[in-house]
Every structure is written in structure tokens, then in C-alpha cells.
Amino acid sequence: MAKEVIGVCKICDNKRKLSKEHIPPSAAFNAGEYKAQTIDEHKTKDVNVWRTSKKQGGHFAYVLCVECNNRTGQWYGGEYKKLAGACAPFANPSNAGKVVSIEVPKLFPLRVFKQALTIMCGTSHDEMSDEWTGTMSPAAADLGIAKPDKDISLATKAMPLIREFILDKEANGLPAPFQLYAYLVINPAGRETGIVKMFSRSTGASALFAEFAWWPLGWVLVFDGDIKDDLFSTTGWSQYEYDEEVPLTLRLPCYWLESKMPLDFRSPMEMAESRARNQLILDAGCG
Ligand SMILES: [Zn+2]
């Protein structure tokens, strides 16, 4: 018998029976086996220790009610699948560090935009993600990742408007000030950060954003501030009509997704080097 989960839907905000939502849609290369990584809180002290487990049947969560799941799937899911299919042939390590041009002869940009926003709503909360508490280790501080000491009202004000925007399939134009960026994931991996704030230790500049990635596509929803990375802006896609189909050229930067840290695109070799450095710090601490 199917599992019954009652909770608050992350799109319509009603307390209802929640459905099993594949994030991203199962047709967008999200139906098979995958490896999940979470911070092992028992082992994590100075440097994060990630625990890996095998999961079947794709990545899913009970976050949307049956109605919202069906609606967004029907309205936007098909186009998202089409874009993921067009990107897949380019999403491999041979393109590491490159920006690839992907021609999509026909696409409904507003539908893809709203599916990406649906994914961001499904994986973000109006409050700061608790999971990132675990990253407040010396290693995380080096990367400039922190729980915000300031309020995150820009995100909490934008999210209800974004949810309304998703539920009105014809609505276009940006409902709130935010930017949506995309990139290509070149290795079979995924990550979701929830809403995080990242700051530059050298300039003190900060950005408030949420990131979700699943091979072959990564998305970054920026509420405030600037992010330093080269990403492809899809913010203009919000201006199209629901029934407007156009040819599009995407210029997507290609990134490794080895780290679970937000906007961390280090290659496997760079990760190995940094792990070795962390081990040296640990060894020195124990000595
Ligand atoms: Zn709902």
C-alpha cells in the first residue's frame, strides 16, 4: 500500500495528503539508483565527514500535495524533460571548465522556468536550512559559507510570490526580485542546499540563494547579492507566454559536482588535495 503522508504543501501552503514527488521529474534522468550523501554528525567535528548510502527509484520527497504535483507535472514537467534531454549529450567530464552552446530548436521557456522554480520550492524552506549548521566547521569557514547573522527576509518575502506564480500557469514576468541561473553538471551527481548565505572573506560581500542540481542540470536561485561564479542567466525566460515556443541557444558553463557545499565546483583532484590538507590540519590538532 502506498505510504500516506499528511503535511503542508510547499506550493499551495495547504495541509493535505502529500504525494511522492520526484525532484527533478523522473523523466529527467531521475528514476534509477543513486548515491545519497549526508553529513555524518557522529563523526563530524572539525572536518565534515560525509556518509554515502545507495537509494533506488530516483530522488524523491513528500513535499507537494497531489493536486500541485499533478498540475506542475502536466504544465511544466514535459518541457523540463525536453531541456534535460538536449543537455545530456554535453554533460560529461570532457567538457570540464568549458562553456558549451546548446541549440534547442523548440522550447517553451516559461514552462521550464516554472518547473525549475517548482524544484527550488520543493527543496527550500522559508527559513534557513538546518542541514548547513553542520558545515560550520573550520573547513566551511574557509570556503566562506555561514548561517546568516542577518535576517533572510528577502527570501521569505519572495517565496510566497514565487509559489503563487507557479500556481498560475499563464502568469509571466518576475513576481519578485530574484535571478535564476543554470549550469551543466558533468558527473552523475546532485545536491540541494536549501536557502543559504555565502560571504566573501576578502570583500565581505554576501549572497542569499538556494541551489539545486541533478545531472545534467544545476539551478541557482539568487535572492540578493552577487555570486562570483560564471552561470547562465535564465531570468529572462519568465517574460515568455505560457504558449510561446521559441528556438533557444543556451551557453552553459560545465562544472564538476563533487562537493556538497553550495556553489563549490571543485574537481575530484582539487577535492582530494583539499581533503589531504584537512587531514594535515586534523593530524596537527591531535599531535
Ligand atoms: Zn499543493
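In which loop is the place of Pro 24? Select Pro 24 in this predicted model, and the surrounding segment turns out to be the loop between strand 2 and strand 3 (34-39). The peptide bond that joins Ile 23 and Pro 24 is cis, with omega at about -5 degrees.

Stay in that loop and move to Phe 29, which is also found between strand 2 and strand 3. Its phi is near 60 degrees, a positive value in a residue other than glycine. Most residues other than glycine have a negative phi, and most peptide bonds are trans. Phe 29 counts as buried because 21 other C-beta atoms lie within 10 Å, where the cut-off for a buried residue is 20 or more.

**The sheet 1-2-5**

Next, show strands 1, 2 and 5 as a cartoon; these three strands form an open sheet in the order 1-2-5, and their pairing is antiparallel. At the edges are strand 1 (5-8) and strand 5 (60-65), each of which pairs on one side only. From one strand to the next the twist averages 60 degrees.

Zoom in on the pairing of strand 1 with strand 2 (residues 15-22), where four bridges join two strands that run antiparallel. Selecting Gly 7 together with Arg 16 picks out one bridge, since Arg 16 in strand 2 is the partner of Gly 7. Then bring helix 1 into view: this helix packs on the sheet, touching strand 2 and strand 5, and its direction makes about 100 degrees with that of strand 5.

Before leaving the sheet, select Asp 13, whose place is in the loop between strand 1 and strand 2. Phi of Asp 13 is near 70 degrees, again a positive value in a residue other than glycine. Is Asp 13 buried or partly exposed? Asp 13 counts as partly exposed, because there are 15 C-beta neighbours inside 10 Å.

**Helix 1 against helix 2**

Now select residues 66-87 for helix 1 and residues 109-123 for helix 2; the axes of these two helices come within 8 Å and cross at roughly 105 degrees. That crossing makes helix 1 roughly perpendicular to helix 2. To see the contact itself, display side chains on helix 1 for Thr 72, Trp 75, Tyr 76, Gly 77, Glu 79, Tyr 80 and Leu 83, and on helix 2 for Arg 111, Val 112, Lys 114, Gln 115 and Thr 118. Coloured by class, the contact of helix 1 with helix 2 shows five nonpolar, four polar and three charged residues.

Keep helix 2 selected and check its length: with 15 residues, helix 2 reaches 21 Å from its first C-alpha to its last, close to the 21 Å expected at 1.5 Å a residue. Of the 15 residues of helix 2, 15 are buried, so this helix is largely enclosed by the rest of the structure.

**A second cis bond, and the whole chain**

For the last local stop, go to Trp 215 and Pro 216, where the peptide bond from one to the other is cis, with omega near 5 degrees. Pro 216 is found in the loop between strand 10 (206-214) and strand 11 (217-224).

Finally, zoom out to the protein chain, which contains five helices and 13 strands. Buried residues make up 37% of its 287 residues. Among contacts between residues at least 6 apart in sequence, 74% join residues at least 24 apart.

Terms used:
Residues are numbered from 1 along each chain as its sequence is written. This is a predicted model: local features need pLDDT of at least 70, side-chain atom pairs count only at pLDDT 80 or more; totals for chains, interfaces and linings use all residues. Axes are lines fitted to C-alpha atoms, for helices over the stretch in contact, and angles run from 0 to 180 degrees between N-to-C directions. Angles under 35 degrees count as roughly parallel, over 145 as roughly antiparallel, 65 to 115 as roughly perpendicular and the rest as oblique. Two residues are in contact if their C-beta atoms, placed from the backbone, lie within 7 Å. Ala, Val, Leu, Ile, Met, Phe, Trp, Tyr, Cys and Pro count as nonpolar, Asp, Glu, Lys and Arg as charged, and the others, Gly among them, as polar. Two strands pair if DSSP finds at least two bridges between them. The expected span of a helix is 1.5 Å times one less than its number of residues. A residue is buried if 20 or more other C-beta atoms lie within 10 Å of its own, exposed if 12 or fewer, and partly exposed in between; C-beta atoms are placed from the backbone.
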